[in-house]
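Open the model in your viewer and keep the sequence panel beside it. The tour goes from stop to stop, saying what to select and what is there.

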Amino acid sequence: MVWVERANLAVAKWLMVFSAFLAFGLSFYILVAVIARNFNQPIQGTSEVVTELIVTIVFLQISYCVSTGGMLRADFLIKYFNLSTRQILNIIGYSLGILLFATVFIGNIEPAYQSWITGEFEGEGALRMPTWPARFSLVVGCSLTGFSYTLLLIKELLSLTGMNQSSTVELEI
């Protein structure tokens, strides 16, 4: 199971780095768009570019957030429960995470495919932004996030049954 966790973390980390570069580039694009607007020379299609890239950035980073334990949870409350109650709450939370991201994945796989086939675009006029990259990043991000939650669920179930081999993946940031 350790190699699966390491492979999942490596893919999640790569996607996080890629989306961080996208966010960095997007910040400069927005800066240039604001400066250009102040000189009465607005860049056409800025809202379409920002809309599509924000979706891409968010969904490519979610898997890394889950894999590293960075998702928001009520630690201030859960620390007062005993170990078995915490494990049961973790199992419920991981199961709900799997359900959520599986539902989003299933609901978006067909629209992503259709946007690819039909050449769907966002915007009119000077800049028409294809929607398929954002749609497929949503599908890929949800599938990897669901898989990350599945790994966490398996690990929690093994620890609950006492079969955990105490395999933790070291984070190298």
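Start by selecting cysteine 142 and showing its side chain. The closest cysteine sulfur belongs to cysteine 65 and is 13 Å away, so the two are too far apart for a bond. Keep in mind that this is a predicted model.

**The two cysteines**

How many disulfides does a search of the whole structure find? The search finds zero. Now add cysteine 65 to the selection: cysteine 65 is in no disulfide, and the nearest cysteine sulfur is that of cysteine 142. A disulfide would need the two sulfur atoms within 2.5 Å.

Turn on the surface and look at both residues again. Are they buried or exposed? Cysteine 142 has 1% relative accessibility and therefore counts as buried, because buried means under 20%. Cysteine 65 has 25% relative accessibility and counts as partly exposed.

**The whole chain**

Clear the selection and switch to a cartoon view. The chain has five helices and two strands. Follow the elements from the N terminus: they run α-α-α-α-β-β-α.

Zoom out until everything fits in the window. Along the principal axes, the C-alpha atoms fill a box of roughly 65 × 35 × 30 Å. The chain has a radius of gyration of 20 Å, while a compact globule of 173 residues would have one near 16 Å. Of the 173 residues, 29% count as buried. If you draw contacts between residues at least 6 apart in sequence, 75% of them join residues at least 24 apart.

**Helix H1 and the loop after it**

Select helix H1, residues 2-38. Tryptophan 14 lies in this helix. Is tryptophan 14 buried or exposed? Its relative accessibility is 56%, so it counts as exposed. Use the distance tool from tryptophan 14 to cysteine 142: their C-alpha atoms are 15 Å apart, with their positions 128 residues apart in sequence.

Next pick valine 17, which is also placed in H1. Valine 17 is partly exposed, with a relative accessible area of 37%. Draw a line from its C-alpha atom to that of leucine 60: the two residues are 43 apart along the chain, and the separation in space is 9.2 Å.

Move on to the loop between H1 and H2 and select asparagine 40. What is the phi of asparagine 40? The angle is positive, about 60°, although asparagine 40 is not a glycine. Asparagine 40 is exposed, with a relative accessible area of 64%.

**Two buried residues**

Select serine 148 in helix H5. Serine 148 has a relative accessible area of 2%, so it is buried. Which residues is serine 148 in contact with, leaving aside its neighbours within four places in sequence? They are Asn8, Ser63, Val66 and Ser67.

Now select isoleucine 91 in helix H4. Isoleucine 91 is buried as well, with a relative accessible area of 15%. Leaving aside its neighbours within four places in sequence, isoleucine 91 is in contact with Leu153, Glu156, Leu157 and Leu160. For one of these, check the backbone: the C-alpha atoms of isoleucine 91 and leucine 160 are 9.4 Å apart, and the residues are 69 apart along the chain.

**The largest pocket**

The last stop is an open space. Rolling a probe the size of a water molecule over the atoms shows where empty space is left. About 840 Å³ of space lies in the largest pocket. To find it, select Val66, Gly69, Arg73, Tyr94 and Leu152, which are the closest to its centre among the 32 lining residues. Val66 has already appeared on this tour as a contact of serine 148.

Colour the helices to see where the lining comes from. Helices H1 (2-38), H2 (46-67), H3 (75-78), H4 (83-118) and H5 (132-161) each supply at least two lining residues. Which helix gives the largest share? That is H5, with seven residues. Finally, colour the lining by class: 16 residues are nonpolar, eleven are polar and five are charged.

Key: Residues are numbered from 1 along each chain as its sequence is written. This is a predicted model: local features need pLDDT of at least 70, side-chain atom pairs count only at pLDDT 80 or more; totals for chains, interfaces and linings use all residues. Side-chain values use heavy atoms; hydrogens and water are left out. On a 1 Å grid over the protein atoms alone, a cavity is a set of points where a 1.4 Å probe fits but cannot get out, and a pocket is an open set with protein on both sides within 12 Å along at least five of seven lines; lining residues have an atom within 4 Å of a point. Grid points are joined across faces, edges and corners, and a volume is the space filled by probe spheres set on the points. Helices (H or I, at least four residues) and strands (E, at least two) are DSSP runs, numbered from the N terminus. Ala, Val, Leu, Ile, Met, Phe, Trp, Tyr, Cys and Pro count as nonpolar, Asp, Glu, Lys and Arg as charged, and the others, Gly among them, as polar. Buried means under 20% relative accessible area, exposed over 50%, partly exposed in between (1.4 Å probe, protein chains only). Contact means heavy atoms within 4.5 Å. The radius of gyration is taken over C-alpha atoms; the globule rule is 2.2 Å times the number of residues to the power 0.38.
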